[in-house]
Amino acid sequence: MATLESMQVSEEQQSLIMEDVQVLLPNYDDFVEDVLQQFMEENPETFQIFPWADASKTAKEMRSHPRFKSHAKSIGKVISDCLVDLNGVKKHEPKLSSLGAMHTKKKVPTELFGKLGGCILTQVVKRVSEAKWSEEKKEAWLKAYGIITVMVTE
Ligand code: HEM
């Protein structure tokens, strides 16, 4: 995987991301829960990975589970902390360094982090008006999530 140093975002990319973050913030909990629901729907193996997930239920039904909500919140917190200053994410390292080890211990395959990024992108696109979406934004988001993935997996 690329190093953080080679993954800097431009000022333009940082402000494109912030434009979308402003759209997400008023319903942020809903946004991250939609991300986690979509992630579980598209990757049913996650029902075996999350100890709290009940395979006899749908991802939508799992949404009311407190552990679903807390994991969604955890994901949301890390994402928002990182998004506001993508080139300065290293300052979160002390807090995040144990996260990667914890996910490895829980046998979370690294490729699932990439799948989660796809869900984030889909949910962002759903919320940002078509007129405000662009290829540049997509590129900025992919880069942003790449940076976040390095932070939580290494
Ligand atoms: C940016 C991405 C992610 C962040 C920031 C994150 C954060 C966390 C945190 C803080 C915990 C501790 C308990 C909690 O808050 O619920 C946790 C637990 C866990 N995470 Fe993640 N996570 C991420 C992605 C993933 C992915 C993609 C999976 C794949 C299935 C995953 C699976 C788990 C499992 C199995 C646990 C332990 C069991 C549990 O407490 O639910 N996480 N995660």
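## Exercises: the ligand and its pocket

Among the elements of the chain, α5 gives the largest share of the shell around the ligand, six residues. Helices here are DSSP runs (H or I, at least four residues) and strands are E runs (at least two), numbered from the N terminus. Before we start: this is a predicted model, in which local features need pLDDT of at least 70, side-chain atom pairs count only at pLDDT 80 or more, and totals for chains, interfaces and linings use all residues. Residues are numbered from 1 along each chain as its sequence is written, and side-chain values use heavy atoms, with hydrogens and water left out.

**Exercise 1.** Find the residues that come nearest to the ligand, and describe the polar contacts of the side chains.

*Solution.*
- Step 1: A residue is near the ligand if one of its heavy atoms lies within 4 Å of it. There are 20 residues around the ligand, and Trp-52, Arg-67, His-71, Ser-74 and His-103 come nearest.
- Step 2: Look for polar contacts (pairs of N or O atoms within 3.5 Å; within protein, one must be able to donate a hydrogen and the other to accept it, and residues adjacent in sequence count only if both atoms are side-chain atoms). In the side chain of His-71, an N or O atom is 2.8 Å from a nitrogen atom of the ligand.
- Step 3: His-103 has a polar side-chain atom 2.8 Å from a nitrogen atom of the ligand.
- Step 4: For Ser-74, the partner is an oxygen atom of the ligand, 2.5 Å from an N or O atom in the side chain.

**Exercise 2.** Sort the residues of the shell around the ligand by class.

*Solution.*
- Step 1: Count Ala, Val, Leu, Ile, Met, Phe, Trp, Tyr, Cys and Pro as nonpolar, Asp, Glu, Lys and Arg as charged, and the others, Gly among them, as polar.
- Step 2: The shell then divides into 13 nonpolar, five polar and two charged residues.

**Exercise 3.** Use the UniProt record to place the domain, and describe the chain there.

*Solution.*
- Step 1: The unreviewed UniProt entry places "domain: Globin" at residues 8-154. UniProt positions are given in the numbering used here, feature names are shortened, and annotations may be inferred rather than shown by experiment.
- Step 2: Over residues 8-154, the chain is 71% helix and 0% strand. The end C-alpha atoms are 17 Å apart.
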